[in-house]
Each structure stands twice: as structure tokens, then as C-alpha cells.
Amino acid sequence: MRPALTVALPSRFGATPVEVDQRLSRILAEDTYLRYQQAIGGAAVREAAQDIVDGS
């Protein structure tokens with residue numbers, strides 16, 4: 001899943017519910033994408049470490 005398209009920050013005082021929803025959706029999408037990348041990276045590190053242990 002790729003992060004949502006760039007959405008301008010809504011005004012703190014004049015944001016519409018749609019603007020707030022878009023911003024929150026983007027934040028959640030970015031967080032989900034980051035966690036996915038971290039999980040893949042963590043798995044790769046564990047596999048590499050296991051390969052080192054098995055190879056010695």
C-alpha cells in the first residue's frame with residue numbers, strides 16, 4: 001500500500017470535516033506503509049542473521 005497523495009494541511013481554525021478526514025487518512029496511510037516497511041526490513045535482518053548462524 002502506498003501513502004495517500006499529498007494533501008495540504010488544513011487550516012487549524014477553518015478546516016472542513018472533509019479536510020480533516022483527508023489529513024487523518026493520509027497520516028494513517030503513511031503509518032501503515034511505514035510499519036509494513038519496518039516489518040519487511042525486520043524479517044530481512046532476521047533471515048540474514050540466521051544465515052550467518054547457519055553458515056558458521
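This short talk walks through one helix, its salt bridges and a nonpolar surface patch.

Before I start, please keep in mind that this is a predicted model, in which local features need pLDDT of at least 70 and side-chain atom pairs count only at pLDDT 80 or more, while totals for chains, interfaces and linings use all residues. Residues are numbered from 1 along each chain as its sequence is written, and side-chain values use heavy atoms, with hydrogens and water left out.

Let me begin with the overall picture. The protein chain has one helix and zero strands, where helices are DSSP runs of H or I with at least four residues, strands are runs of E with at least two, and both are numbered from the N terminus. Of the 56 residues in the protein chain, 4% are buried; buried means under 20% relative accessible area, exposed means over 50%, and partly exposed lies in between, with a 1.4 Å probe and protein chains only. The chain exposes about 4800 Å², and carbon and sulfur atoms supply 61% of that area, as computed by the Shrake-Rupley method with a 1.4 Å probe, where for residues only the protein chains shown count as cover.

Now to the charged side chains. How many salt bridges does the structure hold? There are two, a salt bridge being a side-chain nitrogen of Lys or Arg within 4 Å of a carboxyl oxygen of Asp or Glu.

One of them joins Arg-26 to Glu-30, at 2.9 Å from N to O, and these two residues sit four apart in helix H1, about one turn of the helix. Arg-26 counts as buried because its relative accessibility is 16%, whereas Glu-30, at 32%, counts as partly exposed.

Another links Arg-35 with Asp-31, again at 2.9 Å from N to O, and here too the partners lie in helix H1, four residues apart, about one turn. Arg-35 is exposed, at 54% relative accessibility, while Asp-31 is partly exposed, at 32%.

Finally, the nonpolar patch: Val-20, Leu-24 and Ile-27 make a surface patch of about 230 Å². Val-20 belongs to helix H1, which covers residues 17–55, and is partly exposed, with a relative accessible area of 37%. Patches are made of residues with over 30% relative accessible area and no salt bridge, with like charges joined within 9 Å and nonpolar side chains (Val, Leu, Ile, Met, Phe, Trp, Tyr) within 5 Å.
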